[in-house]
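The following account leads the reader through a molecular model, from its annotated segments to its internal packing. Please keep the sequence and the structure in view while reading.

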Amino acid sequence: MACLGLYCGKTLLFKNGSTEIYGECGVCPRGQRTNAQKYCQPCTESPELYDWLYLGFMAMLPLVLHWFFIEWYSGKKSSSALFQHITALFECSVAAIITLLVSDPVGVLYIRSCRVLMLSDWYTMLYNPSPDYVTTVHCTHEAVYPLYTIVFIYYAFCLVLMMLLRPLLVKKIACGLGKSDRFKSIYAALYFFPILTVLQAVGGGLLYYAFPYIILVLSLVTLAVYMSASEIENCYDLLVRKKRLIVLFSHWLLHAYGIISISRVDKLEQDLPLLALVPTPALFYLFTAKFTEPSRILSEGANGH
């Protein structure tokens, strides 16, 4: 009987030399996906550079949100923000290492994966066939193993480590904050982790293809907003505070990450020069900021120019 459905396959039940016996058409076991002949094959390939960049993007999301809310609730005079930033980095780094160690193969900082071929690979639940239009053959499995579930595992470890480490740290060093403000960055994480989980569950496939452009657009917008809010109009304004340079270099790293993700560095000698575009948005802002100064526009309007 022919195996219907885009993601239905026959699982190997017995193998003795050249003799192979396969089961009926159905769902492939975890860690396998169907091939062109509708047989379930183990995922033995190494993730591509683009796959690692996608996982890096999903790993950065909680870290960036941690840093944002820590900075938002710590206040300008709080000396605890730096320690909380370092703790958040430690939590996410340890969570990433543990996630890789518990993934197949267990105990090494390496994963085996199935190659992503198309967008539908992320949504196999939408492709369960109904041969007789009555009975549905359920063939839902992780065709992009382990790019879909490994993100959930990482978020779970991030949440556990945060709940174990952050409250103790905040209670010890956040003396400059009121009792009601000390744990607000932790409360914020309890909100954004479920949001990130739902985002991955529903839009994981869309994020896989769109994340390079999301990084570029958001990093450009946030850099422009930050420089405008900080009233940075020239290079001297950037050098006045070290924090501004840190923010600038962080955005440059995001610019580079987005460019590398888009180009995928398929042709190294052609793609690397694109990294020279990283400082361009900041330089453009500095050169044009004086022409968009609100006080200057208002004064020229009052003078009838």
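Which residues does the UniProt annotation "transmembrane region" cover? According to that unreviewed entry, the annotation covers residues 52-70, 82-102, 145-165, 186-207, 213-232, 244-260 and 272-289. The model examined here is a predicted one. In it, residues 145-165 are 81% helix and 0% strand, and their end C-alpha atoms lie 31 Å apart. For residues 272-289, the helix content is 50% and the strand content 0%, with the end C-alpha atoms 29 Å apart.

The interior may be considered next. The largest nonpolar core comprises 39 residues, and Tyr54, Met58, Trp122, Tyr155 and Phe211 are those with the most contacts inside it. At least two residues of this core come from each of α1 (49-74), α2 (81-102), α3 (149-173) and α4 (184-229). Another core, of seven residues, lies apart from it and includes Ile232, Leu238, Leu248 and Leu286. Within the largest core, Tyr54 merits attention: leaving aside residues up to four places away in sequence, Tyr54 touches Trp122, Leu147, Gln200, Gly204, Leu207, Tyr208 and Phe211.

Two of the contributing helices also pack against each other. The axes of α3 and α4 are 11 Å apart and form an angle of about 180°. Because angles over 145 degrees count as roughly antiparallel, α3 and α4 are therefore described in that way. Among the residues that meet are Phe152, Tyr155, Leu159 and Met162 in α3, and Ile186, Leu190, Phe193 and Gln200 in α4. By class, this contact has 15 nonpolar, three polar and one charged residues.

Note on methods
Residues are numbered from 1 along each chain as its sequence is written. This is a predicted model: local features need pLDDT of at least 70, side-chain atom pairs count only at pLDDT 80 or more; totals for chains, interfaces and linings use all residues. Side-chain values use heavy atoms; hydrogens and water are left out. A nonpolar core is a set of buried Ala, Val, Leu, Ile, Met, Phe, Trp, Tyr and Cys residues joined through side-chain atoms within 4.5 Å. Buried means under 20% relative accessible area, exposed over 50%, partly exposed in between (1.4 Å probe, protein chains only). Helices (H or I, at least four residues) and strands (E, at least two) are DSSP runs, numbered from the N terminus. Contact means heavy atoms within 4.5 Å. Axes are lines fitted to C-alpha atoms, for helices over the stretch in contact, and angles run from 0 to 180 degrees between N-to-C directions. Angles under 35 degrees count as roughly parallel, over 145 as roughly antiparallel, 65 to 115 as roughly perpendicular and the rest as oblique. Ala, Val, Leu, Ile, Met, Phe, Trp, Tyr, Cys and Pro count as nonpolar, Asp, Glu, Lys and Arg as charged, and the others, Gly among them, as polar. UniProt positions are given in the numbering used here, feature names are shortened, and annotations may be inferred rather than shown by experiment.
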